[in-house]
Amino acid sequence: MKLKYNSVEELVNASLSANKKISEIVLEEQAEDMELTAEAVYATMEKSFDVMKQSVLNGMDETLRSSSGLSGGAAAKLKKAVDEGRNHYGHLLGNALSMALAVTEYNSCMGQIVAAPTAGSCGVIPAALISVMEEYDLPKHDIIMALFTASAIGMVIAKCASIAGAEGGCQAEVGSASAMAAAALSEIFGGTPQMISDSCAIALKNTLGLVCDPVAGLVEVPCIKRNAMGVANAFTASELALAGIPSVIPADEVILAMKQVGQQMSSSLRETAEGGLAATPTGCRLCKKIFG
C-alpha cells in the first residue's frame, strides 16, 4: 500500500496489512520516494535526533536568557529540583518537563533546534522521547524509529488540518506535537497500531481549542510552559491508550474537528498577539517594555 498520508486510519491499515510497525513502513516509503537507501534516510533522522539531544543539554544552562528577558533559567531550576529529589510527581515526569522547557528556552535564545513540527512546539517530542530513553535505558535505534511514526502523524495532521498557530491556534502546534509524541511513545512501548491511533486522538482532544496568544508576539510566553504541558499530555494519552482505553472519537475525526475549531477561532487568537494572554494588562505592559 502506497502511503498518501490522508488519514491515520491509512497508517493503521498499512501497518496491519504488512504486519510491520508504522515506523518501518514510513521509513521504507520515504526511502523509495526520495530515491535513497533506508540507511541514508535513517541517518538523516538520526542527525535530527542528535540535534534534539544537544538542544536539551544546551537549554539546561542556568545562565541562559533570551534577549527579551522573558525566558531562560527555568529548565535548569526544575532540573535541579528533580536531581535533588524535591519534585513531587516522579523522576520521569520531572525530567521530561525540564527537557521541554530546556529546548524551548534554547529556541527563544536563537539556539539550534528541530522544529517538531514547529519552532513553537519544539520541546514536546524531544522531551517525551529522550526522557523515556534515559529513564528506561532504551536503545537509541528504537527512539529514532519512533520519530518516523511521529512524523507520519504530523504529516497527516498537516495535510488534513494544520500545524501552524497562525492558522489553527496553539492546538495546531503544541497539540499536534503532543499527538505526535504520544503516538511515538505508544510504539516504543509495544502498542498496537490502533493504540497509536488512539494516543494521537486523545492527545489532540485534550488540547482542542487551545489558542495561540504569544505575549509581545514572541515565542516565549506562554509557549514555553505549554510545551511542558504538551509532554505531560503525551504521557497521559499514551498511558490511557496502552491500557486499552480507546478514543471514542476516531483520530481522523478529531483532526478534522481541530481544523474546524481553528477556522472558527478569532484572528486575535491565532498568533497575532491581539487577544488572550497577549492582551492582558501585564501582556501589554511587557510588550511596551520590550518594543517601546
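In this predicted model, a residue is called buried under 20% relative accessible area, exposed over 50%, and partly exposed in between.

Q: Why is R86 called partly exposed?
A: The relative accessible area of R86 is 44%. Partly exposed covers values between the cut-offs of 20% and 50%, so R86 is partly exposed.

Q: What makes the contact of E84 and R86 a salt bridge?
A: A salt bridge requires a side-chain nitrogen of Lys or Arg within 4 Å of a carboxyl oxygen of Asp or Glu. The side chains of E84 and R86 meet at 2.7 Å, N to O, and therefore the pair qualifies.

Q: Why is D83 called exposed?
A: D83 has a relative accessibility of 52%. Exposed means over 50%, so D83 counts as exposed.

Q: Why is K79 called partly exposed?
A: K79 has a relative accessible area of 24%. Because partly exposed lies between 20% and 50%, K79 belongs to that class.

Q: How do you know that K79 and D83 form a salt bridge?
A: The N to O distance between their side chains is 2.8 Å, and the rule asks for a distance within 4 Å. Both residues lie in helix α4 (residues 74–83), four residues apart, about one turn of the helix.

Q: What makes D213 and R226 a salt bridge?
A: The closest N and O atoms of D213 and R226 are 3.0 Å apart, and the cut-off is within 4 Å. This pair links distant parts of the chain, with D213 in the loop between α10 (193–206) and α11 (223–242) and R226 in helix α11. Both D213 and R226 are buried.

Technical notes
Residues numbered from 1 in each chain as written. Predicted model: local features only at pLDDT ≥ 70, side-chain atom pairs only at ≥ 80, totals over all residues. Heavy atoms only, no water. Helix = DSSP H or I, 4+ residues; strand = E, 2+ residues; numbered from the N terminus. Buried < 20%, exposed > 50% of the residue type's maximum accessible area, 1.4 Å probe, protein only.
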